[in-house]
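The following exercises concern one protein chain and are to be worked through with its sequence and structure in view. Each task is followed by a solution in steps.

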Amino acid sequence: MRDHQVRGVRSRAAALAACVLTATVLAGATPAYATADTERPSAPGPITVVAVDTTWIELTWAPATDNVGVVSYPVGARFEDNGAHYSTDTNSIRITNLRPSRTYTFSVAALDAAGNRSLSDPTLRVTMPPGDDQPPGTPGQPVAYDVAATLVWLRWAHSVENIALDRYEVFRVDAGGALTRVSEVYQYPPGRNSTQISGLTPNTTYTFVVQARDEAGHLSPMSAPVTVTTLPPPPSCTVRSTVGQWPDGLVARLSVTNTGATAIDGWTMRWRFYAAQQLRSLWGAEVVDRDSSYLRVRNVRHNALIPPGGTVSLGFVATGSQPPEEVTLNGGSCTVAAE
């Protein structure tokens, strides 16, 4: 009798241990298919539009197939170089917060539980309906903020737009009033309201106007015109550079000599100036602009004229150790001699 009771207790203990082991496997073990499944799902079927409005779209597609099962569909929405990513566990999705009149490329893929992703996924280009019935406001009159022999830099006040601007178009007004587009300034991302017009003829007068275009294709009125005369051909020049260095900066004094046979009446000068440098002070000139590699300055009132053989002086204090190099005057390269 006692042996029978002992065997019964042992059997119940073994059964309990088996239950505990089974529960542990179910709670924490990785399913066999998740580690053994290396087969990709098939590509979803073609994308179709179920419904669309100015700022949202509903898409559907034929479901993908998989040897175990598809768990989600990653969906992408791309406009030019910018995109957003979504996910759904069904074969349809509604995407909101889109922009009227923009052309988006939508894509969809299939993903299984093991992380395998389909290949050759379908895409669909859709231009959203226009939600804008108003043209942009007139851009501000352009200003020629820097002029060289073959280049002009223009900027203007932004156009007022109720939805979103697509771009500014800059036109040259030819003799007789004909317009020739010379630049497009796209507004995605927004912000830039300036451009460089190149390939011009030295010592020539040009007239430019600016027009705004919104994403629905509406055009603003033309801006007021700006007329500008390019400078004479780049002069011949030499620059004597005297630089004093200290551990965290420098002071540079420049003597610019006109070595050509024609007087220079108004000048713009540029030299190498890296983004990490900070300009502490400047004399004999005023700053026009700077970018990541160069500083551009122009004459002040008292030194605009440089006669043949004449010299003007300027200088600056800055951080860093980069002396003035690659110096140009009115677009022409100057010979630099360090002292």
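**Exercise 1.** Determine whether Ser-120 is buried or exposed, and describe its backbone and its place in the chain.

*Solution.* Step 1: Ser-120 has a relative accessible area of 72%, and is therefore exposed; buried means under 20% relative accessible area, exposed over 50%, and partly exposed in between, with a 1.4 Å probe and protein chains only. Step 2: Ser-120 is placed in the loop between strand 7 (111-112) and strand 8 (123-127), strands being DSSP runs of E of at least two residues and helices runs of H or I of at least four, numbered from the N terminus. Step 3: although not a glycine, Ser-120 has a positive phi of about 55°. Most residues other than glycine have a negative phi.

The model is predicted: local features need pLDDT of at least 70 and side-chain atom pairs count only at pLDDT 80 or more, while totals for chains, interfaces and linings use all residues. Residues are numbered from 1 along each chain as its sequence is written, and side-chain values use heavy atoms, with hydrogens and water left out.

**Exercise 2.** Carry out the analysis for Asn-97, which is not a glycine.

*Solution.* Step 1: the phi of Asn-97 is positive, about 60°. Step 2: Asn-97 belongs to the loop between strand 5 (92-95) and strand 6 (103-108). Step 3: with a relative accessible area of 72%, Asn-97 is exposed.

**Exercise 3.** Which residues touch the most other members of the largest nonpolar core?

*Solution.* Step 1: a nonpolar core is a set of buried Ala, Val, Leu, Ile, Met, Phe, Trp, Tyr and Cys residues joined through side-chain atoms within 4.5 Å. Step 2: of the 22 residues in the largest such core, Trp-267, Met-269, Trp-271, Leu-314 and Leu-329 touch the most other members. Step 3: the elements giving two or more residues to this core include strand 19 (268-272) and strand 24 (311-319). Step 4: leaving aside neighbours within four places in sequence, Met-269 is in contact (heavy atoms within 4.5 Å) with residues including Val-239, Leu-254, Leu-314 and Leu-329.

**Exercise 4.** How many helices and strands does the protein chain have, and what percentage of its residues is buried?

*Solution.* Step 1: the chain holds two helices and 27 strands. Step 2: of its 339 residues, 39% are buried. Step 3: among contacts between residues at least 6 apart in sequence, 65% join residues at least 24 apart.
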